[in-house]
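These are some notes on side-chain contacts, written for someone opening this entry for the first time. Please read them with the model in view.

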Amino acid sequence: MKYILILADGAADEPLAELGGKTPLEAAHKPNMDRIAREGRCGMLKTVDDSLSPGSDVANMSILGYDPLKYYTGRGAIEALSMGIPFKEGELAYRCNLVTIENGKMKDFAAGHISSAEGAELFDALKEKIPEAGWHSGVSYRNVMMLPNGKGSETTPPHDIVGEVINDYLPKGEDAERLMNFIVRASDVFENHPVNKKRIAAGKNPATTIWPWSGGSKPAMPAFTDKYHKKGAVISAVDLLFGLAKCAGMEVVTVPGATGYLDTNFLGKAKAAVDTANGDADFVYMHVEATDEAGHLGSLEEKIKAIENLDKAIGYILDNFDGCIMLMPDHPTPVAKKTHTNDPVPFAIRGLAEPDDVQVYTEKEVQAKGSYGLINAVDLLDMVFKE
């Protein structure tokens, strides 16, 4: 048996008045997702322990079967591994967003979804002006800072505080003073930088400073092949998922045109998933970020569009793959809240067991009729591989 897991990041949502009480999954035209649910068996998945913040890091780690309470050290560490950044003795890796802060408030957690090339220029300036830390540019606003002799700090993801006064969410703990120093100095470095001057002239949000968060040490996870006796592969566009893949010794598959944003190459990912699963891999984890990004933007239109674009790509998988197909979000990202919640998410599995009574893939339908009931995400793949 071969397996493809389609991860629609943040696709689950809450009922919206502007949709007459429907969620985006209920409002979207998604015949292929509905087919997976109708021809498969469904349930609700608890992806984030109540003691943890509902981030994509711990949620995806859980779905892959690795208990975050045992293995998670911080998002920055996972992304550093993805980028091939070596850890020196005593070093912590912090995820480091380029952000737009205006009038003391977090205006934009992604600095207008700044390009990777622009971000690299800004990080080059940080390397010159703030050499006490290691600055590593990544994809768009997503970057990594390596902090020598790091002790840890309590931080807040910037996507959780859009529109909020940042003074209420500044770093706390042993690394806080150093992190604040870097935030202030980065603001000075960026203020008159040519990249920001051009962005402002073009009517785009500038990157006014950095926002370091979720620092951690190098994690140690057992290999996916040792854990499940199957060869696994991950398809994504973001360092977080590639970092998880590397932590688990899984193959990393990149797709041209995969951006981690609304304009990503949906069909390209689907084709890569089929080719990889029909090749050497036993299990393919196809991650799509666009649905999550739309939720963070608070854009109902874009979220429905992202769901429908993903659904078209899923049609290709259904037409060209005969194995087990799994579909699920990692967490909800409600457009009304613009951030993650830790509510259970609906999942569907086709090609493994007899169908249940679910006819459409929605939160309400799956919760009411899914025969799997509520299960812990950490137990999902063990259950699937044993059936």
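1. A residue is called buried when its relative accessible area is under 20%, exposed when over 50%, and partly exposed in between. Y285 has a relative accessibility of 0%, so Y285 counts as buried. The same cut-off applies to F283, which is buried because its relative accessible area is 0%. Please keep in mind that the model is a predicted one.

2. F283 and Y285 also form an aromatic pair with each other. Their ring centres are 6.3 Å apart and the angle between the planes is 50°, a tilted arrangement. In total, the structure holds 11 aromatic pairs.

3. Another of the pairs is Y228 with F385. The centres of these rings are 5.1 Å apart and the planes stand at 75°, so the pair is edge-to-face. It joins distant parts of the chain: Y228 belongs to helix α9 (residues 224–228) and F385 to helix α15 (residues 380–386), with the two positions 157 residues apart in numbering. Y228 and F385 are both buried.

4. Which residues do ring pairs link into a cluster? The cluster consists of Y3, F224, Y228, F283, Y285 and F385, and thus takes in both of the pairs described above.

5. Two rings have a charged side chain over the face. R41 lies over Y372, 5.8 Å from the ring centre. K227 lies over Y66, at 5.5 Å from the ring centre.

6. The count of salt bridges is 14. One of them joins R142 and E293, with 2.9 Å from N to O. This contact also links distant parts of the chain, from R142 in strand β6 (residues 142–147) to E293 in helix α12 (residues 290–297), 151 residues apart. Are the two partners buried or exposed? Both R142 and E293 are buried.

7. A salt bridge within a single helix is formed by K127 and D124, at 3.6 Å from N to O. Both residues lie in helix α6 (residues 116–129), three residues apart, which is about one turn of the helix. K127 has a relative accessible area of 42% and is therefore partly exposed; D124, at 45%, is partly exposed as well.

8. K107 and E102 form a further salt bridge, with 3.3 Å from N to O. K107 counts as partly exposed because its relative accessibility is 39%, and E102 counts as partly exposed at 40%.

9. Finally, R35, E39 and R350 are joined into one network by salt bridges that share partners.

Key: Residues numbered from 1 in each chain as written. Predicted model: local features only at pLDDT ≥ 70, side-chain atom pairs only at ≥ 80, totals over all residues. Heavy atoms only, no water. Phe/Tyr/Trp six-rings, centres within 6.5 Å; stacked < 30°, edge-to-face > 60°. Helix = DSSP H or I, 4+ residues; strand = E, 2+ residues; numbered from the N terminus. Buried < 20%, exposed > 50% of the residue type's maximum accessible area, 1.4 Å probe, protein only. Lys NZ or Arg CZ within 6 Å of the ring centre and 35° of its normal. Salt bridge = Lys/Arg side-chain N within 4 Å of Asp/Glu carboxyl O.
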